[in-house]
Amino acid sequence: MSLVFTRRPGESFHLFLSSDADLDEVARKLASTGIEIRINSLNGLQIKIGIDAPESIIVLREELLRHNGC
């Protein structure tokens, strides 16, 4: 499954492992397919990014981390 979102200069995103992830399964998936981060388009100062990762990988925009007190 692919996640697509937009970032501007200075904005970031973070990748986390879900707390209920099976570490052996995650390691096998990462070893075979890895995580693909793709630049889908560029429009002025906006970059549309696509991420393909195993379901146990959580992707959070930086502003969501700050909003949740992380």
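Start by selecting Phe5: at 10% relative accessibility, under the 20% cut-off, Phe5 counts as buried. Keep in mind as you go that this is a predicted model.

**Stop 1: the ring partner of Phe5**

Leave Phe5 on display and add Phe13. How many aromatic pairs does a search of the whole structure find? There is 1. The ring centres of Phe5 and Phe13 sit 5.2 Å apart and the ring planes meet at 80 degrees, so this pair is edge-to-face. Now colour by accessibility: Phe13 has a value of 23%, so Phe13 counts as partly exposed, whereas Phe5, at 10%, is buried.

**Stop 2: zoom out to the whole chain**

Switch to a cartoon view. The protein chain holds 2 helices and 5 strands, and reading along the sequence gives the pattern β-β-α-β-β-β-α. Along the principal axes, the C-alpha atoms fill a box of roughly 40 × 30 × 15 Å.

Turn on a surface next. About 5,200 Å² of the protein chain is accessible, and carbon and sulfur atoms account for 54% of that. Of the 70 residues, 19% are buried. If you like contact maps, here is a number to go with yours: among contacts with a separation of 6 or more, 68% link residues 24 or more positions apart.

**Stop 3: the open sheet**

Select residues 2-7, 36-43 and 46-52, which are strands S1, S3 and S4. These 3 strands make an open sheet with antiparallel pairing, in the order S1-S4-S3. Strands S1 and S3 are the edges, each pairing on one side only. On average, neighbouring strands of this sheet are turned by 20 degrees against each other, direction ignored.

Zoom in on S3 and S4. These two strands run antiparallel and are joined by 7 bridges. Which residue of S4 is the bridge partner of Ile37? Pick Ile51 and you have found that partner. For background, strands of a sheet pair through backbone hydrogen bonds.

**Stop 4: Arg7 in strand S1**

Go back to strand S1 and select Arg7. Is Arg7 buried or exposed? With a relative accessibility of 6%, Arg7 counts as buried. Show the side chains: Arg7 makes a polar contact of 2.9 Å with the side chain of Glu63.

Expand the selection to see what else Arg7 touches. Leaving out residues up to four places away in sequence, the list is Ser12, Phe13, Leu45, Gln46, Ile47, Ile49, Arg61, Glu62 and Glu63. You have met one of these already: Phe13, from the ring pair with Phe5.

**Stop 5: two serines in loops**

Select Ser18, in the loop between strand S2 (13-17) and helix H1 (23-32), together with Ser56, in the loop between S4 and strand S5 (57-61). Both residues are buried: the relative accessible area is 15% for Ser18 and 16% for Ser56.

Beyond four places in sequence, Ser18 is in contact with Ser56 and Ile58. Ser56, counted the same way, touches Phe16, Leu17, Ser18, Ala21 and Val26. The side chain of Ser18 also has a polar contact of 3.0 Å with the side chain of Asp20. For a distance check, draw a line from the C-alpha atom of Ser18 to that of Asp52: these residues are 34 apart along the chain and the separation is 15 Å.

**Stop 6: helix H1 and what follows**

Select residues 23-32 for helix H1. Of its 10 residues, 1 is buried, so H1 lies largely in the open. At its N-terminal end, look for Asp22 as the cap: a side-chain oxygen of Asp22 is 3.0 Å from the backbone nitrogen of Asp24. Just after H1, check the backbone of Gly34, where phi is positive at about 65 degrees.

Finish on Ile35, in the loop between H1 and S3. Ile35 counts as partly exposed because its relative accessibility is 33%. Outside its neighbours within four places, Ile35 contacts Leu15, Leu30, Ile51, Asp52, Ala53, Pro54 and Ile57. Among them is Ile51, the bridge partner of Ile37. As a last distance to draw, the C-alpha atoms of Ile35 and Leu17 are 12 Å apart, with their positions 18 residues apart along the chain.

Notes:
Residues are numbered from 1 along each chain as its sequence is written. Side-chain values use heavy atoms; hydrogens and water are left out. Two strands pair if DSSP finds at least two bridges between them. Helices (H or I, at least four residues) and strands (E, at least two) are DSSP runs, numbered from the N terminus. Axes are lines fitted to C-alpha atoms, for helices over the stretch in contact, and angles run from 0 to 180 degrees between N-to-C directions. Buried means under 20% relative accessible area, exposed over 50%, partly exposed in between (1.4 Å probe, protein chains only). Contact means heavy atoms within 4.5 Å. Rings of Phe, Tyr and Trp (its six-membered ring) pair if their centres lie within 6.5 Å; planes under 30 degrees apart count as stacked, over 60 as edge-to-face and the rest as tilted. A polar contact is a pair of N or O atoms within 3.5 Å; within protein, one must be able to donate a hydrogen and the other to accept it, and residues adjacent in sequence count only if both atoms are side-chain atoms. Accessible areas come from the Shrake-Rupley method with a 1.4 Å probe; for residues, only the protein chains shown count as cover.
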